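Okay, thanks for making time, everyone. I'd like to walk through a few local features, so let me put the structure up.

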Amino acid sequence: MPKVDLRSKIRDVPDFPKPGIVFKDIMPLLADAESLEAAVDDLAEWAAPLDIDYVVGAEARGFILGSALAYKLGSGFVCARKPGKLPYLTVGAKYALEYGFDALEMHVDAVPKGARVLVHDDLLATGGTALALCELVEQLGGEVAGCSFLIELAFLGGRERLAPRAAHALLRYES
């Protein structure tokens, strides 16, 4: 079976969510069954040796591939949601985005102490979201075994902010 060209399934949307930002729209990739399967399989191939207990996905696009990745790895899935969206006691982290600020929360019992966790999101830009997820996992006593992404905007330096944690992206944009 020929390798799927995932990059061809990413749509650039200029000036979204604000002028000067080129949004990487993953919806065409998700809508294509072959591309979706290839993305999940390729992410799982990288993560399999990490012996993951849980995948933590960021709201909202991190839920899509993150939950499929957890299934493929035979691990649990944990949602990191915007403040006020989870029904039980939470811990939270605030972070800077490329175009503003945001916050995420997880249930206080979402990650057991010592659990090996894969942090997943659709996109690594400045690293703010992923770093906040790593800090939440570590605050709960979990170990971040790695961070995975569908897309990395390498020119924004997010990977460096996550060091020394291992990071992997299927698609890397240099500019």
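So, let's start at D15, which sits in the loop between β1 and β2. Quick word before I go on: this is a predicted model. What caught my eye is the backbone here: D15 isn't a glycine, yet its phi is positive, about 60°. As background, most residues other than glycine have a negative phi, and most peptide bonds are trans. As for the side of things facing solvent, D15 comes out as partly exposed, because its relative accessibility is 49%.

Stay in that loop for a moment. The peptide bond joining F16 and P17 is cis, with omega at about 5°. P17, too, belongs to the loop between β1 (11–14) and β2 (22–25).

And F16 has another thing going on. Its ring pairs with F23 in an edge-to-face arrangement, with 5.2 Å centre to centre and 85° between the planes. So are those two buried or exposed? F16 has a relative accessible area of 44%, so it's partly exposed. F23 is at 17%, and the cut-off for buried is under 20%, so F23 counts as buried.

How many aromatic pairs does the count come to? It comes to 2. The other one is F63 with F77: the ring centres are 6.1 Å apart and the planes are at 85°, so that's edge-to-face as well. Here F63 is in helix α3 and F77 is in strand β4 (residues 76–80), so the pair ties together parts that are 14 residues apart in sequence. On accessibility, F63 counts as buried because it's at 19%, while F77, at 28%, counts as partly exposed.

Since we've landed on α3, let's talk about how that helix packs. Helix α2 (residues 33–47) and helix α3 (residues 61–73) come together at about 55°, and their axes are 9 Å apart. That angle makes α2 oblique to α3. The crossing of α2 and α3, for those who like handedness, is right-handed.

Which residues make the contact? From α2 you've got L36, V40, D41, L43, A44 and A47, and from α3 there's L65, A68, L69, K72 and L73. If you sort the α2 contact with α3 by class, you get 9 nonpolar residues, 2 charged and no polar ones.

Now carry on past the end of α2. A48 lies in the loop that runs between α2 and β3 (54–58). A48 counts as partly exposed because its relative accessibility is 47%. I like this next bit: A48 and L118 are 70 residues apart in sequence, but C-alpha to C-alpha they're 10 Å apart in space.

Also in the loop between α2 and β3 is D51. D51 isn't a glycine either, and its phi is positive, about 55°. D51 has a relative accessible area of 53%, and the line for exposed is over 50%, so it counts as exposed.

One last stop, further along the chain. Where's the cis bond out there? It's the peptide bond from A163 to P164, with omega near 10°. P164 sits in the loop between α5 (158–162) and β9 (167–173).

So if you want places to zoom in on afterwards, try the cis bond between F16 and P17, the contact of α2 with α3, and the positive phi at D51. That's me done, happy to take questions.

How values were computed:
Residues are numbered from 1 along each chain as its sequence is written. This is a predicted model: local features need pLDDT of at least 70, side-chain atom pairs count only at pLDDT 80 or more; totals for chains, interfaces and linings use all residues. Side-chain values use heavy atoms; hydrogens and water are left out. Axes are lines fitted to C-alpha atoms, for helices over the stretch in contact, and angles run from 0 to 180 degrees between N-to-C directions. Helices (H or I, at least four residues) and strands (E, at least two) are DSSP runs, numbered from the N terminus. Angles under 35 degrees count as roughly parallel, over 145 as roughly antiparallel, 65 to 115 as roughly perpendicular and the rest as oblique. A crossing is left-handed if the near helix is turned anticlockwise from the far one by less than a right angle, and right-handed if clockwise. Contact means heavy atoms within 4.5 Å. Ala, Val, Leu, Ile, Met, Phe, Trp, Tyr, Cys and Pro count as nonpolar, Asp, Glu, Lys and Arg as charged, and the others, Gly among them, as polar. Buried means under 20% relative accessible area, exposed over 50%, partly exposed in between (1.4 Å probe, protein chains only). Rings of Phe, Tyr and Trp (its six-membered ring) pair if their centres lie within 6.5 Å; planes under 30 degrees apart count as stacked, over 60 as edge-to-face and the rest as tilted.
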